[in-house]
Amino acid sequence: MIWTRWGSIGLATLVLVGCNTATASFDDTREIEAPRFAPVPPAPAESPQLDALVVRDTAGFGAPGPNADPTLVGEALAALRAQVPRLERVSDLYFDDENVWLTIVEPNTRNLSRSVLWLRSSDLYIGEEDYVEEAEENSTYPISDVDVDAITALVDGLALRYPSVQIDLPRLDVGLSYDLGLSWRMDLVDGRGTLATIFADLDGTITAVDQGS
Amino acid sequence: MNAVRRVPAVVLLIVLALLPLQAWLQAGRPDVRYSQPLDGLAGITWSATVSPDGRLSVSIVYDFGDEQVRDSSIRLPSGSRFLRTDGKPTPAPSGRFGEVRAQDTLVVTYERVGAVTRYSDGVIVDFDGTENSDQALFPCARCYLGIDEYGNTALSGALFADDLTGARFAIGGLDQLRTENVDGALRFLGVLPGADDASMIAWLPLAAAPDAPTRSGVPEAIRGETAAQVWDATLTAADGAFVDATERRVPVGPVALASMLSAMWLLLVAWIVWRLVIAARVLNVEQPDAPIEWDAVFSPPSDLEPAVVAVLVGDTGRGARSAVAATLLALAERGAIQIDGIDSQRYTLTIPPGATGNQFEEVVLSELRPQGQRTSTATLTGPPLWGAGGASVERSLAIVAENAARTAQLLRATLTAWVLVPASLVMGVVALIGSGGSSRLAWAMTLVGPLVAVVAIWLTGTSLTAKGRAERERWLAYGSWLRTNSQLHDVGAPGIATWGEPLVYATVLGAAPTAAGSLGTG
């Protein structure tokens, strides 16, 4: 009697187990193909990743302000190089339609930095030296990484593609690059506020669109 | 023993051999089988390519296995960019998250920077999610994809690079890990318990990414001076969570199952061979092992019925014989029937009304009585005595005698049911459990194996017990002594009045072929 009961339980268990299994074949693993890398777009504003951006209805409100002017960057850097010929590394660079701000690292002294402001009126202001605690090599980058043509092409292209959006404060700062490495970061602002934050490689290729959750 | 009688046992062994054979074939295959598959996530395929400059292109395919529409969350490791879902560029809030509506399958692709680091002795690819599952191959799949159930799923993966010579890699979070370094990729397959996350660290040759950064971009990554240090430190920190997948791994479970089934089958083979050999050896004995004590063989060694003696002795020894004839002579010897000689060979056999006999004798008498009526008188002349029904009488008498011999523990089934049936059942059940219930052969063998065993037992027949063997030897000795009497050879059925009991047993032991022929069915 007891054998009958336990036998039934055992058989039922086997049936349940038998009906509740799955298999996976290693042959499927051999069929996996190598993922490819994204191609470089013909122009920064034609980056495929920009298709992730969804423009919203602003009920006729236009851009809240003028776009940042990338042509200022080249002028600012030229003025700065004239003042600081041995300039090598920068930790931060951003600009709007009138000004360019930089944080430069004193040559040969990694722990000293200076704030720099360049105005469209061609005035250059270099601040006092600040001591930077344990500055990491990763947090700064060579001034040569700043490709003025690339950022110009990107900003101008975006301005053409999204005429009702303000391109605000493009910024090159490792700490604000979401672990993407050194990337341009800029906000796109429409009549309702910040539409998205976009990230771009130094060559202007857009790599990520942060449009909120 | 008749060789044909071995065939059913051989067939049973061949049928049962399919179980270990299947188990070994399964053990040789690098497939995985898992229980409690997750409804809503049939499998995950992960792949990545390492570029010479240290970027990674990652693709993750979630196969939901159903048509349900799901709002799925995507969590990305650090340094992820170019996020696409199902081929479409997708926003990534904070660079680490995404939301997407998915159905049937979800394909997530992105590139990653910072996870490939170059050292003097190689390149480390870091997908270690031991401390932070966001940095793993993918975060908990079940948790973020909008799947309500709980269960396991399978993960197939491949890491591609230009050079994988001597590459090592370790996987964490997978059961039944199968790996291979082939066709330019480190390929792996495993079961993802709870459809959670899985980690990987790979140590590739410098040629795989000669231009990769020399500093890891993964937050809180384990760092070191060399790739070897990072590799060792990562595996140590994981505290056993990583399995070094570099060497091709032997699937322990399937091999153990195949070994167990093979051992069971071999034991069964040994047992069946032993039983068949014992049975054959006993029946092949022409002469008793022990020297005959001639003083002891001058009279019947026991009071066994002639038909039972016929079962024990069989055809061993010289001379024609008949159990039916011996049974009739036994009836005549005790006066239950009457055999009157017409001449030295011909006779009249009379069965008086109300004549009865034991179970053996009744088998014979019932055939000779007119319409089987006990109250009738039958007077028959012979030889020949039997018509068409003679053969069936012979068979019926043999069956009754064999049953009696079994009851007397002189015979036993050559293959006993209490071994063969449970063994067949257990092999099927073990194969069934080992296969997780997915083997159709195991199901079939569990149900059919015991039936095949019963058929084999029945067809293989019986063999002598030790007691039966001793009895047979004594009767063979008695038969030998009877054959020394030349007169018995020619005595016909009517001689029962003169010879009495010795003629009865001589008829079944081959010592009285004339009497056997005149009363027998042949």
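A salt bridge is counted here where a side-chain nitrogen of Lys or Arg lies within 4 Å of a carboxyl oxygen of Asp or Glu. With that cut-off in mind, and remembering that this is a predicted model, begin the tour at the boundary between the two chains.

**Stop 1: a charged pair across the boundary**

Select Arg96(B) and Asp179(A) and display their side chains, which meet in a salt bridge at 3.8 Å from N to O. Between chain A and chain B the count is three salt bridges, and the count of residue pairs in polar contact, with both residues at pLDDT 80 or more, is 15. To see where the side of chain A that touches chain B comes from, colour helix 1 (2-19), strand 1 (21-24), helix 2 (26-30) and strand 10 (206-210) of chain A, the elements that each give two or more residues to it. By residue type, that side divides into 17 nonpolar, 14 polar and 10 charged residues.

**Stop 2: the whole interface**

Now widen the selection to the residues in contact, which are 41 in chain A and 57 in chain B. About 3,800 Å² is buried between chain A and chain B, and carbon and sulfur atoms give 61% of that area. Which residues of chain A lose the most area to chain B? Select Phe26(A), Ile32(A) and Phe37(A), which together account for 18% of what the chain A side buries.

**Stop 3: strands that pair between chains**

Stay at the boundary and show the backbone of strand 1 of chain A beside strand 1 (residues 32-35) of chain B, since these two pair in the antiparallel sense over four bridges. A convenient place to centre the view is Ala22(A), which stands opposite Tyr34(B) in strand 1 of chain B.

**Stop 4: a five-stranded sheet in chain B**

Move into chain B and select strands 9, 10, 15, 12 and 16, which in that order form an open sheet with antiparallel pairing. Strand 9 (116-119) and strand 16 (242-244) of chain B stand at the edges with a single partner strand each, so one side of each has no neighbour in the sheet. Looking across the sheet, the twist averages 20 degrees from one strand to the next. Within the sheet, strand 12 (residues 168-172) and strand 15 (residues 199-204) of chain B pair in the antiparallel sense over five bridges, and Gly172(B) has Ser199(B) as its bridge partner in strand 15 of chain B. Then add helix 3 (residues 227-238) of chain B, which packs on the sheet and touches strand 9, strand 10 (122-127), strand 12, strand 15 and strand 16 of chain B, its direction making about 160 degrees with that of strand 15 of chain B.

**Stop 5: a hairpin**

Next select strand 13 (residues 175-182) and strand 14 (residues 185-192) of chain B, which run antiparallel and are joined by six bridges. Arg178(B) stands opposite Leu189(B) in strand 14 of chain B. How many residues lie between the strands of this hairpin? There are two, and Asp183(B) takes a positive phi near 55 degrees.

**Stop 6: a three-stranded sheet**

Finish with strands 17, 18 and 19 of chain B, an open sheet in that order with antiparallel pairing. Its edge strands are strand 17 (338-341) and strand 19 (378-382) of chain B, each of which pairs on one side only, and the twist averages 20 degrees from one strand to the next. Four bridges join strand 17 of chain B to strand 18 (residues 347-351) of chain B, and to centre on this pairing, pick Ile339(B) with its bridge partner Leu349(B) in strand 18 of chain B.

How values were computed. Residues are numbered from 1 along each chain as its sequence is written. Chains are lettered from A and ligands numbered from 1 in the order in which they are written. This is a predicted model: local features need pLDDT of at least 70, side-chain atom pairs count only at pLDDT 80 or more; totals for chains, interfaces and linings use all residues. Side-chain values use heavy atoms; hydrogens and water are left out. Two strands pair if DSSP finds at least two bridges between them. Axes are lines fitted to C-alpha atoms, for helices over the stretch in contact, and angles run from 0 to 180 degrees between N-to-C directions. Contact means heavy atoms within 4.5 Å. Buried area is the accessible area (1.4 Å probe) that two parts lose on being put together, summed over both. A polar contact is a pair of N or O atoms within 3.5 Å; within protein, one must be able to donate a hydrogen and the other to accept it, and residues adjacent in sequence count only if both atoms are side-chain atoms. Ala, Val, Leu, Ile, Met, Phe, Trp, Tyr, Cys and Pro count as nonpolar, Asp, Glu, Lys and Arg as charged, and the others, Gly among them, as polar.
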